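Subject: Structure for you to look at

Hello,

I am passing on a structure that you have not worked with before. Please open it first and keep it beside these notes as you read.

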Amino acid sequence: MFQKFQEKWKVGPAQLFIILLTFALGGTLTGMIGRRIMNLIPVDGIVWVIIYIMVMTLIWPLMVIVVSIPMGQFVFFRNYLARIADRFTRKQNNLPVSPNLNSPSTLVPSSTEKSSPVNLAIFASGTGTNARKIMEHFANHPYIKVALVISNKPAAGVLDVAKDFGIPTFLIEKEEFFRGHSYIPLFREIGIDFIVLAGFLWKIPPALVAAYPSRMINIHPALLPKYGGKGMYGRFVHEAVIAAGEKESGITIHFVDEQYDHGSTIYQATCPVEAGDTPDSLAGKIHLLEHEHFPRVVEEAILSQLVKNH
Ligand code: GRF
């Protein structure tokens, strides 16, 4: 049984012991605090039982998280609870739970089994309309395959989009991404050749940028170098463009470097900013441009890298 948990959670025996201890202490604390709370509530009978169950259900995750901090297991439990919440919300929406979520062993064929020369990973934090266009574009491509979709948010819509296309998904953890190995060994193991950021809100750590030189592309919803940088994403960009009285906005597709929205530009397309435009209407125009150009530009960038390397 312990072996099964180790495999499921991908932990060693020592960490498994600490995790189980955390569960036990969190449960004990939940019982103690739960009873104290119930003493303050003047009900009995079936109502008492119902409220007791509700109180326990609400405070259990909190207690486990609290105990996990001194036990050094905060990251594990944060992700554990996020996965439970994710499963719950998916069930509520009648969506199947991704069997691939955070199971690297089931991700994609290793590079030795690759059926296409270029494996693409899409990083996204949101709805994933651009990611969808890219998946559609490469669905039957002879040389390029979307092999993996990565997100930092368990409830990101892009994970459902990936599922529609049967593409494996992977949820990354902040700690490992910024202070660990940034998943570079994993990406190497599964043969990721190229990365596309399609609405990914975390900054890419320098080591990962260095691991994919000229092989990581981002799309920004404005004409860089204006309206880029930290905090400039989504609505904030369009608000700033309108507030500045710009007559034109657009999209910038660029290579990723160590600074936000800074690497060399590959392609730009423009659209007018008209009187009466709101951040939402401008976002709509920008999305149309993105959907029209992004997949093609990604394809051209990948193919030109392939040509360079042969
Ligand atoms: C796009 O506007 C893109 O420019 C920005 O994030 C947004 C992602 O939108 N980087 P969606 O999730 O693809 O609809």
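Below is what was found, starting with the strands and ending with a few backbone details. Please bear in mind that this is a predicted model.

Strands and crossovers

Strand 1 covers residues 118-123 and runs parallel to strand 2, with six bridges between them. One place to see the pairing is V118, which stands opposite I144 of strand 2. Between these two strands comes helix 5, residues 129-138, and the three elements form a right-handed β-α-β unit.

Strand 2 also pairs on to strand 3, residues 169-171; these two are parallel as well and share three bridges. Here I150 has F170 in strand 3 as its bridge partner. A right-handed β-α-β unit is again formed, made of strand 2, helix 6 (residues 157-164) and strand 3.

Strand 2 itself, residues 144-151, is mostly covered, with seven of its eight residues buried. The loop that leads from strand 2 to helix 6 holds A155. Is A155 buried or exposed? Its relative accessible area is 65%, over the 50% mark, so A155 counts as exposed. Although 30 residues separate A155 from S125 in sequence, their C-alpha atoms are 8.9 Å apart in space.

Nonpolar cores

In soluble globular proteins, nonpolar side chains tend to be buried together. The largest nonpolar core in this model has 41 residues, and the members that touch the most others are L120, I122, I134, M135, V146, V149 and F294. Helix 11, residues 279-308, contributes the most to this core, with eight residues. Another core lies apart from it and has 25 residues, including L148, I192, V209 and Y212.

For a closer look at the largest core, take M135. Beyond its neighbours within four places in sequence, M135 is in contact with I122, V146, V149, V161, A162, F165 and I167.

The ligand and H220

Which residues surround the ligand? They are T127, G128, T129, N130, G199, I219, H220, P221, H287 and E290. Three of these approaches can be given with distances:

- G128: a polar backbone atom is 2.8 Å from an oxygen atom of the ligand.
- I219: a backbone N or O atom is 2.9 Å from a nitrogen atom of the ligand.
- E290: an N or O atom of the side chain is 2.3 Å from an oxygen atom of the ligand.

H220, another of the surrounding residues, belongs to strand 5, residues 216-220. With a relative accessible area of 2%, under the 20% limit, H220 is therefore classed as buried. The side chain of H220 makes a polar contact of 3.4 Å with the side chain of D261. Leaving out residues up to four places away in sequence, H220 touches Y227, G228, M232, V237, G250, I251, T252, D261 and E290. E290 therefore appears twice here, as a residue around the ligand and as a residue touched by H220.

A glycine in helix 2

Helix 2, residues 13-39, contains G26. The relative accessible area of G26 is 0%, so this glycine is buried. What does G26 touch, not counting residues up to four places away in sequence? The residues are M63, V64 and V67. The C-alpha atoms of G26 and I59 are 9.5 Å apart, with the two positions 33 residues apart in sequence numbering.

Backbone details

Most residues other than glycine have a negative phi, and most peptide bonds are trans. A few places in this model depart from that pattern. The peptide bond from L224 to P225 is cis, with omega near 10°. P225 sits in the loop between strand 5 and helix 10, residues 235-243.

Two other places lie in the loop that joins helix 7 (174-179) to helix 8 (184-189). S182 is in this loop, and its phi is positive, near 55°. Y183 is in the loop between helix 7 and helix 8 too, and its phi is also positive, near 65°. As for exposure, S182 has a relative accessible area of 2% and is buried. Y183, at 9% relative accessibility, counts as buried too.

Regards

How values were computed:
Residues are numbered from 1 along each chain as its sequence is written. This is a predicted model: local features need pLDDT of at least 70, side-chain atom pairs count only at pLDDT 80 or more; totals for chains, interfaces and linings use all residues. Side-chain values use heavy atoms; hydrogens and water are left out. A nonpolar core is a set of buried Ala, Val, Leu, Ile, Met, Phe, Trp, Tyr and Cys residues joined through side-chain atoms within 4.5 Å. Buried means under 20% relative accessible area, exposed over 50%, partly exposed in between (1.4 Å probe, protein chains only). Helices (H or I, at least four residues) and strands (E, at least two) are DSSP runs, numbered from the N terminus. Contact means heavy atoms within 4.5 Å. Two strands pair if DSSP finds at least two bridges between them. A crossover is right-handed if, with the strands pointing away from the viewer, the path from the first strand over the helix to the second runs clockwise. A residue is near a molecule or strand if one of its heavy atoms lies within 4 Å of it. A polar contact is a pair of N or O atoms within 3.5 Å; within protein, one must be able to donate a hydrogen and the other to accept it, and residues adjacent in sequence count only if both atoms are side-chain atoms.
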